[in-house]
Amino acid sequence: MRRRPWLVWTAGVLTYLFLYVPLIIVVVYSFNDSRLNAEWVGFTTHWYGELLRDEQMIEAAWNSLLIGVVASAVSTVLGTMAGYAIYRFRLRLLPILVVMPIAIPEILMGVSLLIFFVMLNLTLGLVSIILSHIAFCVGFVAIVVRSRLSGMDESLIEAARDLGATPVQAFRLVTLPLIMPGIVAGALMAFTLSIDDFVITFFTAGVDSVTLPLQIYSMIKIAVTPEVNAVSTLLMLLTLVLIVIATRLAPGSFRGK
Amino acid sequence: MALLEIRSVTRRFRDFVAVDGVSLSIQAGEFFTLLGPSGCGKTTLLRMIAGFDQPDGGQIVIDGKDMAGVPPEERNVHTVFQSYALFPHMTVEQNIAFPLKMSRCPAGEIGARVREALDDVSLLGMEKRFPNELSGGQRQRVAVARALVNRPKLLLLDEPLAALDAKLKEKMQLELIALQKEVGITFIYVTHDQEEALALSHRIAVMNKGRVEQLDEPAVLYSAPKNRFVADFIGECNLLDCTVALQDGGTLDLDVAQLGRVRAAGVEGSAGATQGTLALRPEKVSIARALADETCVNRFRGKVHDYLYTGDVTLYIVEVEGGRRIEVMLPNNAVGRSSKFFEPGDAVEIGWREDAGHFLRD
Ligand SMILES: Nc1ncnc2c1ncn2[C@@H]1O[C@H](COP(=O)(O)OP(=O)(O)OP(=O)(O)O)[C@@H](O)[C@H]1O
Ligand SMILES: [Mg+2]
């Protein structure tokens with residue numbers, strides 16, 4: 001390894017190119033002054049203006065945001081509780097139950113949720129989408145929180161109790177601050193998963209509720225327009241901002257220790 | 001009444017008995033040490049006193065109150081953990097203020113109490129540092145300050161110096177003794193380092209396999225061990241299996257295989273013994289090319305088999321004519337002597353006084 005750094009460098013650069021070139025193309029063509037994604041004509045912000053005038057698009061964006069915020073908030077709370085319970089009581093079954101929705105094929109999850117909601121006579125819409133997003137996000141949060149907990153020195157909790165803290169105080173003053181990076185990371189993950197979920201949302205959305213991925217899909221059925229590029233660029237930007245915020249809030253869980 | 005009463009406390013992990021019917025009575029103001037090899041149950045016992053673990057049998061009474069079912073936060077006992085367990089997200093100041101806040105100390109008082117505690121352990125000026133910005137010795141002192149700040153009745157210390165280097169360890173030992181004297185709080189100190197135990201404690205309980213083998217003051221423990229385990233565990237010791245040949249009032253004549261007849265002072269309870277062990281400390285054995293000291297009634301000729309030079313003393317292993325190997329310690333106190341008095345193969349004479357060995361009855 002040490003004698004051939006150029007090999008490592010080349011592999012690294014190629015990997016990054018492979019990952020980022022498609023994204024860069026999307027961003028670049030969102031500023032292209034042409035209806036076609038074929039050749040560069042000139043710079044314009046026209047497509048972004050177009051987005052703002054597209055009422056369907058605005059509605060889809062609002063829906064996605066709402067679903068993302070509610071689903072990630074609820075699944076962060078539930079997932080933190082699950083992660084803590086798994087760690088604290090060394091549960092065997094709960095981890096499996098929690099991870100199941102992540103592991104099984106999304107299409108299966110979508111279909112079964114659809115059947116379930118129909119059986120319950122629940123009108124498909126925002127509520128059913130939020131519920132299904134919570135179902136698959138909880139597991140991610142639980143895993144991140146649990147792994148953060150198991151990296152924590154257990155004697156810290158004992159020390160807190162020893163020094164006079166009740167179990168609740170020990171959790172609030174010691175455990176919670178120490179696992180906060182994990183919780184923030186989990187919340188962020190839940191939000192991004194929710195924002196870009198397509199398959200499960202597709203099955204549980206019903207006819208009236210549209211999210212961004214559903215909207216993009218319905219648009220590209222006709223043609224990949226620069227408008228699609230523009231909305232994708234905005235989604236990317238949002239994700240980027242979230243990651244930057246999260247790394248600021250919780251340096252530990254992203255940079256390693 | 002004793003501050004802490006431990007009455008036949010037992011703790012089992014499945015079918016393994018980690019603490020086996022231990023009874024101890026610890027007085028207020030005492031520096032008490034639990035000493036024993038790794039795995040003998042010291043930490044397990046400490047955790048039950050602190051309230052992290054419950055005994056399967058027996059009773060723990062602190063200040064006259066049975067501790068069964070009392071959670072750690074309601075016991076007037078604080079612990080200094082081996083890993084120190086400082087809260088990494090809090091500064092030194094916040095760490096030390098933690099127990100004060102938990103005990104609802106008025107906010108106005110906290111600052112002064114924290115400063116006082118930091119002064120006790122000479123850490124003033126470190127208030128704003130985080131634990132990962134401190135050296136090992138400083139962390140240890142923060143842990144002690146934090147555990148002492150709201151003056152518990154009892155302070156438990158689980159090998160608090162194990163992670164420190166020898167020099168710092170010695171310094172911290174002196175500081176701990178001074179601190180304990182100053183605050184007058186009862187310390188229960190856990191260690192597997194016998195030298196540390198002897199240096200620090202008022203009384204020591206030597207533990208082995210979950211039981212207390214002997215409980216005594218350091219000097220008694222060292223000079224009059226009750227059994228082979230204690231003799232062997234504390235300090236260096238020649239353990240010679242022997243049969244009693246003759247018992248005459250205060251003296252015993254013992255036959256030791258591969259050595260010969262040895263005379264030893266009788267001890268309490270040696271009357272009527274036929275078998276036993278003679279525990280002989282290496283520093284109580286004299287060595288010379290020809291022994292001049294007439295008080296050495298036990299004398300054997302032999303040759304130096306090997307030696308271990310440790311700076312202040314040299315430990316010689318002498319093989320006597322009968323074939324038995326005896327360890328002899330000689331201080332390197334002769335002026336100008338750079339290393340050793342004898343070479344392997346040198347013919348020497350060793351000897352010890354009648355009261356040098358300590359007879360242990362089987
Ligand atoms: N939670 C547990 N489950 C099972 N066995 C345990 C548990 N805790 C301790 N033991 C066992 O009990 C015995 C005593 O352990 P303990 O930690 O009290 O030893 P120790 O005297 O503190 O040793 P050391 O000096 O190495 O810290 C050990 O053999 C250990 O394996
Ligand atoms: Mg231990």
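Trainee: What makes the approach of an oxygen atom of ligand 1 to a polar backbone atom of B:Gly41 a polar contact?

Mentor: The two atoms are 3.0 Å apart, and a polar contact is a pair of N or O atoms within 3.5 Å (within protein, one must be able to donate a hydrogen and the other to accept it, and residues adjacent in sequence count only if both atoms are side-chain atoms). The pair of B:Gly41 and ligand 1 therefore qualifies. Please note that this is a predicted model, in which local features need pLDDT of at least 70 and side-chain atom pairs count only at pLDDT 80 or more, while totals for chains, interfaces and linings use all residues. Residues are numbered from 1 along each chain, chains are lettered from A and ligands numbered from 1 in the order written, and side-chain values use heavy atoms, without hydrogens and water.

Trainee: Which residues lie around ligand 1?

Mentor: Among them are B:Phe13, B:Phe16, B:Lys42, B:Glu159 and B:His192; each has a heavy atom within 4 Å of the ligand. A polar side-chain atom of B:Thr44 is 2.5 Å from a ligand oxygen, and a polar backbone atom of B:Cys40 is 3.2 Å from one.

Trainee: How many helices and strands does chain A have?

Mentor: Chain A has 12 helices and zero strands. Here helices (H or I, at least four residues) and strands (E, at least two) are DSSP runs, numbered from the N terminus.

Trainee: Why are α3(A) and α4(A) called roughly antiparallel?

Mentor: The axes of α3(A), residues 55-88, and α4(A), residues 93-103, cross at roughly 150° and come within 9 Å. Angles run from 0 to 180 degrees between N-to-C directions of lines fitted to C-alpha atoms, for helices over the stretch in contact. Angles under 35 degrees count as roughly parallel, over 145 as roughly antiparallel, 65 to 115 as roughly perpendicular and the rest as oblique. The pair is therefore roughly antiparallel.

Trainee: Which residues of these helices meet?

Mentor: A:Ala82, A:Ala85 and A:Ile86 in α3(A) meet A:Leu94, A:Pro95 and A:Val98 in α4(A), with contact meaning heavy atoms within 4.5 Å. They divide into six nonpolar, no polar and no charged (Ala, Val, Leu, Ile, Met, Phe, Trp, Tyr, Cys and Pro count as nonpolar, Asp, Glu, Lys and Arg as charged, the others, Gly among them, as polar).

Trainee: What makes α5(A) oblique to α6(A)?

Mentor: Their axes cross at roughly 135° and come within 11 Å. That angle makes α5(A) oblique to α6(A). In α5(A), A:Met109, A:Leu113 and A:Phe117 meet residues of α6(A) including A:Ser128 and A:Leu131.
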